[in-house]
Amino acid sequence: MKVIFAGTPDFAALALKAIAAAGFDIPLVLTQPDRPKGRGMQLQASPVKQAALELGLTVAQPQSLRNEEAQNLLSAQNADVMVVAAYGLILPEAVLNIPAHGCLNIHASLLPRWRGAAPIQRAIEAGDKETGVCIMQMDVGLDTGDVVSEHRYAIKSSDTANEVHDALAQLGAQAIVADLQQLQTTGRLNRTPQPENGVTYAQKLNKEEARINWQENAETIERKIRAFNPVPAAWVEYQGKPMKIWRAAVIDQSGKPGTVLSCSSDGLTVACGEKALNITELQPAGSKRMSIEAFAAGRTIEKGTLL
């Protein structure tokens, strides 16, 4: 069975490797064009491109799939199905209809909850107890297609977005291989329309929303710290510069929101709208990410300081 693959980040690269390891014929891999990164702003290939080249696969990096050239390239592959995972380009209806069995998307949520760009982060931020991966038959809507299979993951109280991402990447890779094997064996996939109730949208993240608002309760802030770890990273202003907050725990203390209650090797405790946060990992501007023990060994933040 011929499988075109379209994806860009690490989440997608893991699925590509799993599909290849399962023995499927992958005549073409689509990924985003190389982007400048790092201090030198050198062009860097996406994780999917790197994985595809290691596997000896053909790679294409169109700027758009809306033009005839890109669509002719896809049609020429005579693919049975196209798998899409965090690709980053909109697939027009003409592209969705090119493969014999259409396009399957690996989506990191339990649809219809958290359609859109940042489902992992929004699930943690909202305090969801579970999330997961859906393999979805793509249509022209935003994550509105029929669900082919659903695979659940219980969110732990300590999980960061990075940890949930890695777990769902593994889950998604296993799920898409199983569904492709079923399609290859039976020629069909079970499809369940998404319910109309329970639809939520995971809006794209931005740096400003990651700024901690100490007026919020400690539980809400702690979830945001985990949701925005590693990107865009929760932060506060300290000495006129942003200081990133990587890990914290809710504790039963109180004070004026944003006020430092104590700073020691046991934690930087800051009052919130309700209760307080004990920060155990942070990153001052110009420094590396560090534990509170490392921070307190060389400096302190005076009690009563307003962050």
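**Reading strands, helices and a binding site**

Biologist: Let me start with one pair: in β13, the residue opposite Tyr238 is Lys241. How many bridges pair β12 with β13, and in which sense?

Modeller: Keep in mind that this is a predicted model. Two strands pair if at least two bridges are found between them. Here, β12 (residues 235–238) and β13 (residues 241–251) are joined by four bridges, in the antiparallel sense. Together, β12 and β13 make a hairpin with two residues between them. One residue to look at in the turn is Gln239, whose phi is positive, at about 55°.

Biologist: Now to the sheet. In which order do the seven strands lie?

Modeller: A general idea to carry along is that side chains in a regular strand alternate between the two faces of the sheet. In this model, the open sheet has the order β5-β2-β1-β6-β7-β9-β10, with mixed pairing. Since β5 (59–60) and β10 (147–154) each have a single partner strand, they stand at the edges, so one side of each has no neighbour in the sheet.

Biologist: Which way do β2 and β5 run, and how many bridges join them?

Modeller: They run parallel, and two bridges link β5 with strand β2 (residues 29–30). To find one of the partners, go to Val29: its bridge partner in β5 is Val59.

Biologist: What lies across this sheet?

Modeller: Helix α6 (residues 161–186) does: it lies across β1 (3–7), β6 (81–85), β7, β9 (130–137) and β10. Its angle to β9 is about 35°.

Biologist: How should I read helix packing?

Modeller: Two packed helices are described by the angle between their axes and the distance between those axes. Take α1 (residues 10–21) with α6: the angle is about 35° and the axes are 9 Å apart. The contact involves residues of α1 including Phe11, Leu14 and Ala18, and residues of α6 including Leu168, Ala173 and Ile176. The crossing of these two helices, α1 and α6, is right-handed.

Biologist: And at what angle do α5 and α6 cross?

Modeller: Helix α5 (residues 119–126) and α6 cross at roughly 125°, with axes that come within 9 Å. Angles from 65 to 115 degrees count as roughly perpendicular and those over 145 as roughly antiparallel, which means that α5 is oblique to α6. The crossing of α5 and α6 is right-handed. In the interface, Ile120, Gln121 and Ile124 of α5 meet Ala161, Val164, His165 and Leu168 of α6.

Biologist: Which residues does the "binding site" annotation cover?

Modeller: The unreviewed UniProt entry gives Ser109, Leu110, Leu111 and Pro112. Leu110 sits in the loop between β7 (103–107) and β8 (115–116), and Leu111 is also placed in the loop between β7 and β8.

Biologist: Is Leu110 buried or exposed?

Modeller: The cut-off for buried is under 20% relative accessible area. Leu110 has 13%, so it counts as buried. Leu111, with 6%, is buried as well.

Biologist: What do Leu110 and Leu111 touch?

Modeller: Leaving out residues up to four places away in sequence, Leu110 touches Glu130, Thr131, Gly132, Val133, Cys134, Glu150, His151 and Arg152. With the same exclusion, Leu111 touches Cys134, Met136, Asp143, Val147, Glu150 and Gln194.

Biologist: Where does UniProt place the "Formyl transferase C-terminal" domain?

Modeller: The unreviewed entry puts it at residues 204–299. In the model, that span is 18% helix and 36% strand, and its end C-alpha atoms lie 36 Å apart.

How values were computed:
Residues numbered from 1 in each chain as written. Predicted model: local features only at pLDDT ≥ 70, side-chain atom pairs only at ≥ 80, totals over all residues. Heavy atoms only, no water. UniProt positions renumbered as here; feature names shortened; annotations may be inferred. Buried < 20%, exposed > 50% of the residue type's maximum accessible area, 1.4 Å probe, protein only. Contact = heavy atoms within 4.5 Å. Axes fitted to C-alpha atoms, helices over the stretch in contact; angles between N-to-C directions. Parallel < 35°, antiparallel > 145°, perpendicular 65-115°, else oblique. Left-handed = near helix turned anticlockwise from the far one by under 90°.
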